[in-house]
Amino acid sequence: MKNKITYSQGNIYIRVGPNTHALIEKPEIQKAWIASTGHITKKDSELLDNENELPYANQFYGGWRVLADNADENFIKELRDLGFSEHFCLLLAITKEMGCCWLELDRDGPLYDKALPVFEW
């Protein structure tokens with residue numbers, strides 16, 4: 001088997017070949033829109049840092065991944081009530097409109113400064 005990669009974890013050995021993906025039936029693949037953290041306010045970032053405020057957000061080194069699949073009117077109202085900015089709510093609405101499940105806010109992510117406001121913090 002050409003280009004064979006072997007992964008070892010404990011006593012389990014997995015051999016991955018060029019067509020291994022074909023063996024996975026109906027994989028679940030979720031799309032994410034990646035944008036710079038510069039598109040959210042400092043207060044938004046502080047709220048995202050507090051996992052209790054938004055249980056649908058996960059922090060990673062350099063940003064956050066926020067579930068946008070559930071960004072309906074009720075969810076957006078909840079976000080506003082928690083103190084999230086209109087800009088943050090707009091990002092989630094755009095994410096859902098683009099057919100993405102996740103909004104990934106990354107400090108190294110693309111800056112869409114022609115279409116969206118940018119915040120320095």
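**Cavities**

I began by searching the whole structure, a predicted model, for enclosed space, and one cavity of 30 Å³ or more turned up. I noted its volume as about 30 Å³.

Next I asked which residues line this largest cavity. They are His-39, His-87, Leu-90, Leu-91, Leu-116 and Pro-117. I then sorted the lining by character: four residues are nonpolar, two are polar and none is charged.

**Overall layout**

I moved on to the fold and counted three helices and six strands in the protein chain. For my own orientation I wrote down their order along the sequence, which is β-β-β-α-β-β-α-α-β.

How much of the chain is buried? I found 32% of the 121 residues in that class. I also looked up the exposed surface of the protein chain, which comes to about 8500 Å², with carbon and sulfur atoms supplying 51% of it.

Then I checked how far apart in sequence the contacting residues are. Taking contacts between residues at least 6 apart, I see that 70% join residues at least 24 apart.

**The nonpolar core**

The largest nonpolar core has 23 residues. I marked the ones with the most contacts inside this core: Leu-48, Leu-54, Val-66, Leu-79, Phe-88, Leu-92 and Leu-105.

Which elements supply at least two residues each to this core? My list has three strands, S3 (32–36), S5 (63–67) and S6 (102–106), and three helices, H1 (42–49), H2 (73–82) and H3 (86–97). Helix H3 gives the largest share of this core, with four residues.

**Leu-105 up close**

I picked Leu-105 from the core list and looked up what it touches, leaving out residues up to four places away in sequence. The partners of Leu-105 are Ala-35, Ser-36, Thr-37, Ile-40, Leu-48, Phe-60, Gly-62, Gly-63, Trp-64, Phe-88 and Leu-91. One of them, Leu-91, I had already met in the cavity lining, and two others, Leu-48 and Phe-88, were on my core list.

**Thr-37, a partner of Leu-105**

Thr-37 caught my eye next, so I looked up where it sits: in the loop between S3 and H1. Is Thr-37 buried or exposed? Thr-37 counts as buried, because its relative accessible area is 11% and the cut-off for buried is under 20%.

Last, I listed what Thr-37 touches, again leaving out residues up to four places away in sequence. Its partners are Gly-62, Gly-63, Trp-64, Leu-105, Asp-106, Arg-107 and Trp-121. I also noted that Gly-62, Gly-63 and Trp-64 appear among the partners of Leu-105 too.

Key:
Residues numbered from 1 in each chain as written. Predicted model: local features only at pLDDT ≥ 70, side-chain atom pairs only at ≥ 80, totals over all residues. Heavy atoms only, no water. 1 Å grid on protein atoms, 1.4 Å probe; cavity = no way out; pocket = protein on both sides within 12 Å on 5 of 7 lines; lining within 4 Å. Points joined across faces, edges and corners; volume = space filled by probe spheres on them. Nonpolar A, V, L, I, M, F, W, Y, C, P; charged D, E, K, R; others polar. Buried < 20%, exposed > 50% of the residue type's maximum accessible area, 1.4 Å probe, protein only. Contact = heavy atoms within 4.5 Å. Areas by Shrake-Rupley, 256 points an atom, 1.4 Å probe, with all protein chains shown as cover. Core = buried A, V, L, I, M, F, W, Y, C linked by side-chain atoms within 4.5 Å.
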